[in-house]
Amino acid sequence: MLEFLSLFVLIIDATLRVSTPLILAALAGLFAERSGVFDIALEGKMLGGAFAAGAVAAATGSAWLGLGAAVLASVALAMVHAYACVTHQGNQIISGMAMNILIAGLAPTLGLAWFSLGGQTPALGDGARFRPITLPFADALADVPILGEIYSEIISGHNIFVYITLAAVPITAWFLYRSRFGLRLRAVGENPEAVDTAGINVYWMRYQALIVTGILCGVAGAYLSTGQNAAFIRNMTAGQGFIALAALIFGKWRPVPTMLACFMFAFADAVQARLQGVDLPIVGVIPVQFVDALPFVLTVVVLAGFIGKSVAPKSGGIPYVKER
Amino acid sequence: MNAAREVPAVPVPPALELRGIEKWFGNVHANTDVSCKIERGTIHGIIGENGAGKSTLMSIVYGYYQADAGEILINGEPADIRGPEVAIAHGIGMVHQHFMLVNTFTVLENVILGVEDDFVLTRSLEKARTELNRLEREYSLEVDPDALIEDLPVGLQQRVEILKALYRGAEILILDEPTSVLTPQEVDQLFRILRALRDQGNTIILITHKLREIMALTDHVTIMRQGAVVGHVETAETSREQLAEMMVGRSVLLRVEKKKAEPGAAVLEVENLHVRDGLNVRRVNGVSFQVREGEILGIAGVAGNGQSELLEALAGIRAVESGRILLRGEDLTRPGAVRTPKSMRQLGLAHVPEERLKMGLVESFLASESGILGHHHEEKYTGRILTRGRAILDDVARQMKAFDVRPPDPSLLTSKFSGGNQQKIVLVREIDPNPDILLVGQPTRGVDIGAIEFIHRRLIEMRDEGKAILLVSVELDEILSLSDRILVMFNGEIVGELPQASATETQLGLMMAGERLPAEAAK
Amino acid sequence: MNQSARREDIPGWLTHIVVPGFNLLLAFVLSGILIAVIGENPFRALSLLIKGAFIYGDSLGFTLYYTTNFMFTGLAVSIAFHCGLFNIGGEGQAYVSGLGVALVGLYLGHLPVLIVIPLGIMAAALFGGIWGVIPGYLQAKRGSHVVITTIMFNFIAAALMTYLLVEVLIKPGQQSPESREFAPNIWLPYAHDVMNWFGINMLSTPLNLSFIFAIIVSVLTWGLIWHTRWGYEMRTVGQNPTAAVYAGISTSRNIILAMFLSGAVAGGVGINEIMGIHHRLLLDFTSGFGFVGIAVALMGRNHPFGIFLAALLFGVLFQGGTELSFDMPKVNRDMVVVIQGLVILFSGAMESVFRPHIIRLFVRTRTAIAAPAE
């Protein structure tokens, strides 16, 4: 029983760690797509952010400066996307694809040039990265059975990013449904003409949305290189930007369901990591790759309308052109 | 008389005055020197046919488009309306023909969009709820403020649009074709609301092409034609006939020389046809008629009264809800019958669609490719695997020459040809296989005078060869000069049939505006 | 006011050659600046690149070997594009095609050459095609956006292939996830082998018969798109779906067909890599070639000849980039990925950003030249 509990605690702990960048990136995608701009470059922006954070933290020794650089880099990429697709009505998919590929090459190129470590950034010392935070009394309570263990292992001892992310979901939901910004954001993704006739600048709304997208992707990237790990590693996003996109679709572009989808994907990953090679009753051994494919298979199934149709914001992907 | 009235008070300036408004879209002169005055506390109608420039004019007043020249005065003060937000600040509200509502939002959310008081919505929503309650009581504008727009019937959606405008403090309310989507009962309710609004001192501008509405509701009318104002009248001092005449105009008719038709057997018979559009709205509602050999049957009507859906159903593009279509006596709507565009062509039915750029051609294709659209699978154009490139070029070149397409070069891009020449490419493609019946929609829309004459002559020649032609057009001139019999469609129904000889523009204009044909006139 | 009338006077070469050429140039200028920023000389890099791609003994063979892959993936993107579809699943389709080749190679490899090679090619096309047609079907019949589903299918393909290699097809007793080597009957002849038959000495390179096959597929694609009724129907669906409906052309049938063909052509990568070079199935043999196909198709303006030129350019970049890294330790294959991204950005997403400026410049110049003559 106790063994089971500690396994459970370990899995939940891992779920939180793995889901953090997914949730941040998925929320980033939520802002872009709710405003009517498709963004398949969550991956690229995260990777760019991870590199900027790793590089600047290594150079300055400050994790916070690294975070700032990550946000700047990611917002800059989002602004290129906005310039191409909002201002000049370029194809949002092509632009996103370009961004993903550009960063996949640019980050290791700059890394190699600056640090000569084969594209990585140098390993970060303790000051240059975000360390787990121990909440008050966590150590004292660690020995208390069950509750103490849950508190000290699951609730305490995470990176600041984990707490920021858990707060970001209700904040996003509040912004989206209770604020003027959210109202206009949702409107511009559904019917930009209605927003225009209401006297609101459609283009500026979409730029604002993409700025938020950039910030969140930057934070997610910084988490990867200065929180979860201690350096930027080539292709360290490894498809997490696309898993986030899948979660966003699976969560039907709503904050809480999107978070739950991220939890589900991360949980499956954590369980899989713990149970690797374990022969379970009835199901047998679950192959790793089955868990890897799960987010994508589920998203296709949802997109095809086999379990509850997932409908994108109506103006998504369509540039807004006013004059005929 | 009351003394107060005699005092030469400062004259009340009109609520809205337009002076010399000009608007171009590319080469299209949408508004030409438009001037008009709209008095406070009145319902002012603006009437005109499709494309007369009414909607463009009102979009300029609302700041959605900017005028190229001219002046707008509100309450006598010049106003520079650079955007909708400026119009709203000047107390102008607009109910667009296509509602500007966010379907996934509640009524309240739509009402406050763009005029939220604070960053946090709570207070704005509460304020709007109170205000909506007040408006509801004052003008009997009942709507559930928490209902989602997509769950509301169109009549109520329109009410939300009116509430939106009033909530923004509109004193001048513009309604663009507000009744086109409403049931008669909803129309009555709308009129009651509009009268109540006027009686409270608001100014209403009603854009419409329906004479009945003008007569029933307005105080003054401005008549527009081809982008310009052709007259202002007091509603009380005019008649439907006069309005219809002004609306349609007395432009010189392009009469075509033709002999009397000698109609033969019926080629196409339509019985009690019902058709729904892509949004599942019934657009054709119990239509019956026949088209016979050697005659041109014209269908007149304002655009959007079901003619497009009728044509598409006959051409095999659109499904039929109920009713029958018979071609040479064969029921094509019986269970198991094949009725596709391809099969219809094979049965000798050709179709020139209403919108050549949307449907009839592919602009990015070469003329030779556009010239075989729908016929591309025929043996003369393709072998078992490869298309016969030479044969296609030669055949399309021959067709282009036959119809005097300029330049007669099939290897040019379709988009390089003028509207008239593009239309000829479509027309010759459909006529060349020698069909028994031709469905033709708006054959001369956006076509120059020379090509119009050419196209009209060819259609008459076809008729004289004993072919059946069904002509759908919103151009009365065209209907009158080509048709042997004329049907008028309104709201998905045929409101009457006139022989060409006895049809007048005024009469057609009345029917197009929904007047049923008086029984004696039909004889 | 008369802008639209003036636009018709703009010559075709300006919009079809100068504007795309300018966009491409911009991508390369930016790449050059990047090389300068990281402290190398861009002009020396360029000369090393060209030497590395053409001049050194075996370099041309390597360049054409890469070109082969990019021709397949570029053509794949273009076929879908002609039907109005953006297939970014070329990577996954190419990957799965390797499975088709492997199944034939592993279980039927003993059959005679003349049977097993066509079988292998067909299996590659079939497996790639199936991986393309599922998203196509879902788009046509269920309205699922083909862009999203093809992205998802890339990841599903990666998981599926890893699983099969690790658990099922792995050579018994081996650590690395690879299948056993196929029987030589299914090996495509190398270019140097063919040359040797004719007595010409050629250094050994990965270039194999697939290159000829890629050229044949290019010609077939060209024929299909512009000289058959099926190509005509696909293009009609892509350019004007309403006109297609009017003409009696089924949009869903053509979407499904185009996605099948697109995936099948992407399967050429499986032929080149698995039948031509590795002769066994291994992990990640597509190494991003599917994504390069997007840049190649955009740059080649979806025409097989343009795609050949663009594929050759990327072949030069990949091969030259590899050679470059020996002389310039700071510049390597990643630099080529940057160029690829910039090409997609400028030739694709920002395609029309500079067009009005270039046209305005042209009109102003022409007016300036014409004015004194009057």
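Hi everyone, let me start inside chain B: among its contacts (heavy atoms within 4.5 Å) with a separation of 6 or more, 67% join residues 24 or more positions apart. Before going on, a word on what we are looking at. This is a predicted model, where local features need pLDDT of at least 70 and side-chain atom pairs count only at pLDDT 80 or more, while totals for chains, interfaces and linings use all residues. Residues are numbered from 1 along each chain as its sequence is written, chains are lettered from A and ligands numbered from 1 in the order in which they are written, and side-chain values use heavy atoms, with hydrogens and water left out.

On confidence, the model scores ipTM 0.91 and pTM 0.87. Chain C averages a pLDDT (the predictor's confidence in each residue, from 0 to 100) of 91, and 97% of the residues score at least 70. Please take care with residues 1–7 of chain C, where pLDDT stays under 50 and the model has six contacts beyond four places in sequence.

Back to chain B. We find 18 helices and 20 strands there; helices (H or I, at least four residues) and strands (E, at least two) are DSSP runs, numbered from the N terminus. Its radius of gyration is 26 Å, close to the 24 Å that the globule rule gives for 523 residues, so chain B is as compact as a globular protein of that length. That radius is taken over C-alpha atoms, and the rule is 2.2 Å times the number of residues to the power 0.38. The C-alpha trace of chain B spans about 85 × 55 × 45 Å along its principal axes.

How much of chain B is buried? Of its 523 residues, 55% are, where buried means under 20% relative accessible area, exposed over 50%, and partly exposed in between (1.4 Å probe, protein chains only).

A nice example is helix α10 of chain B, residues 307–314, with seven of its eight residues buried. Among them are B:Leu310, B:Leu311 and B:Leu314, but also B:Glu309 and B:Glu312. After α10(B) comes B:Gly316, with a positive phi near 90°.

Two loops of chain B deserve a look. In the one between α14 (389–402) and α15 (419–431) sits B:Pro407, and the peptide bond from B:Arg406 to B:Pro407 is cis, with omega near -10°. The other loop, between α5 (121–139) and α6 (154–167), holds B:Ser140. Phi of B:Ser140 is positive, near 45°, in a residue other than glycine, and B:Ser140 is partly exposed, with a relative accessible area of 40%.

Now over to chain A. What does its secondary structure come to? Chain A has 13 helices and zero strands. Its radius of gyration is 20 Å, which agrees with the value near 20 Å for a compact globule of 324 residues. The C-alpha atoms of chain A fill a box of roughly 70 × 50 × 35 Å along the principal axes.

In chain A, 57% of the 324 residues count as buried. Residues 24 or more positions apart make up 76% of the chain A contacts with a separation of 6 or more.

One last residue: A:Asn235, in the loop between α10 (202–228) and α11 (240–250) of chain A. A:Asn235 is not a glycine, yet its phi is positive, about 50°. With a relative accessible area of 47%, A:Asn235 is partly exposed. Thanks, everyone!
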